[in-house]
Amino acid sequence: MTTQVKTKPVMARQVMARRVMMLGMTVVLTAGLSACSDFRRAIGEGKSAPDEFQVVVRAPLSLPPGFGDSPEDIVKSAQNSEVTAQASTANLLGSQTVEGSEFLGLFDFSGIPDDIRTKVDEETYGIQLEKRLPLQTLFGGVPDVGPVLDKMAEDLRLRKARLAGQSPTKGGTKAIDPASDQPLTVN
């Protein structure tokens, strides 16, 4: 009989513990499920229906500018804007006038030197050296494009120009001709 008396309180405690555990699990599960819809809405999966009782004030409709213009007004404004566009293009390009759609009228080609291709080749020599294949770098293979910059002479020229207060672009760039190993100046 003593064993039954001791087991009843133990069983009552176990039943009570199970109820408390079930109640705790129910609370946790309910809280978790209530958060699911907010989580879904936060990541964009849940749909949010608009509130049909909410009053939304919308801005009044506006007409685009020139909506009520007549065809004659549209033609006049197009002609004025064309003249304004030509004047602003002429101002941007630094010329006095721009004639219609002629290409030569838009640009002044008189300031372009005759040997421009030679100068561009000389300036891009360093870029072509950088684009060599690794094997060309290891075993030589310097492209025959133009002169190589004389680092020391060019550094000295730039320092002298800075001390004299001159522009670094004044004077030619000091270089060496790789074919004859003779110093030269690139303008």
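Which pattern does the protein follow when it is read along the sequence? Going from one end to the other, the answer is α-α-α-α-α-α-β-α-β-β, and I should say at once that what we are looking at is a predicted model. Counted by type, the protein has seven helices and three strands.

Let me begin with the overall picture. The protein has 187 residues, and buried residues make up 6% of them. Its accessible surface comes to about 16,700 Å², and 61% of that surface belongs to carbon and sulfur atoms. As for contacts, if we take those with a separation of 6 or more, residues 24 or more positions apart account for 25% of them.

Now to the helix H1, which covers residues 2–43 and in which Met 21 is found. Is Met 21 buried or exposed? Met 21 counts as exposed, because its relative accessibility is 54%, and the cut-off for that word is over 50%. Together with Met 22 and Met 25, Met 21 makes a nonpolar surface patch of about 360 Å².

Next, the sheet. How are the three strands ordered? The sheet is open, its order is S1-S2-S3, and the pairing is antiparallel. Strand S1, at 148–149, and strand S3, at 182–186, stand at the edges with a single partner strand each, and therefore one side of each has no neighbour in the sheet. In general, the strands of a sheet pair through backbone hydrogen bonds, and this can be in a parallel or an antiparallel way. Here, S1 pairs with strand S2, residues 173–177, in the antiparallel sense over two bridges, and Leu 149 stands opposite Ala 175 in S2.

Leu 149 also brings us to my last residue, Glu 154, since Leu 149 is among the residues that Glu 154 touches. Glu 154 has its place in helix H7, which covers residues 151–164. Why does Glu 154 count as buried? The reason is that its relative accessibility is 9%, where buried means under 20%. If we leave aside residues up to four places away in sequence, Glu 154 touches Leu 149, Gly 172, Thr 173 and Lys 174. The side chain of Glu 154 also makes a polar contact, at 2.6 Å, with the side chain of Arg 157.

To put the two residues side by side before we move to discussion: Met 21, in helix H1, counts as exposed, whereas Glu 154, in helix H7, counts as buried.

Technical notes. Residues numbered from 1 in each chain as written. Predicted model: local features only at pLDDT ≥ 70, side-chain atom pairs only at ≥ 80, totals over all residues. Heavy atoms only, no water. Helix = DSSP H or I, 4+ residues; strand = E, 2+ residues; numbered from the N terminus. Buried < 20%, exposed > 50% of the residue type's maximum accessible area, 1.4 Å probe, protein only. Contact = heavy atoms within 4.5 Å. Areas by Shrake-Rupley, 256 points an atom, 1.4 Å probe, with all protein chains shown as cover. Patch = residues over 30% accessible without salt bridge, like charges linked within 9 Å, V, L, I, M, F, W, Y side chains within 5 Å. Salt bridge = Lys/Arg side-chain N within 4 Å of Asp/Glu carboxyl O. Polar contact = N/O pair within 3.5 Å; in protein donor to acceptor, adjacent residues only side chain to side chain. Pairing = 2+ DSSP bridges.
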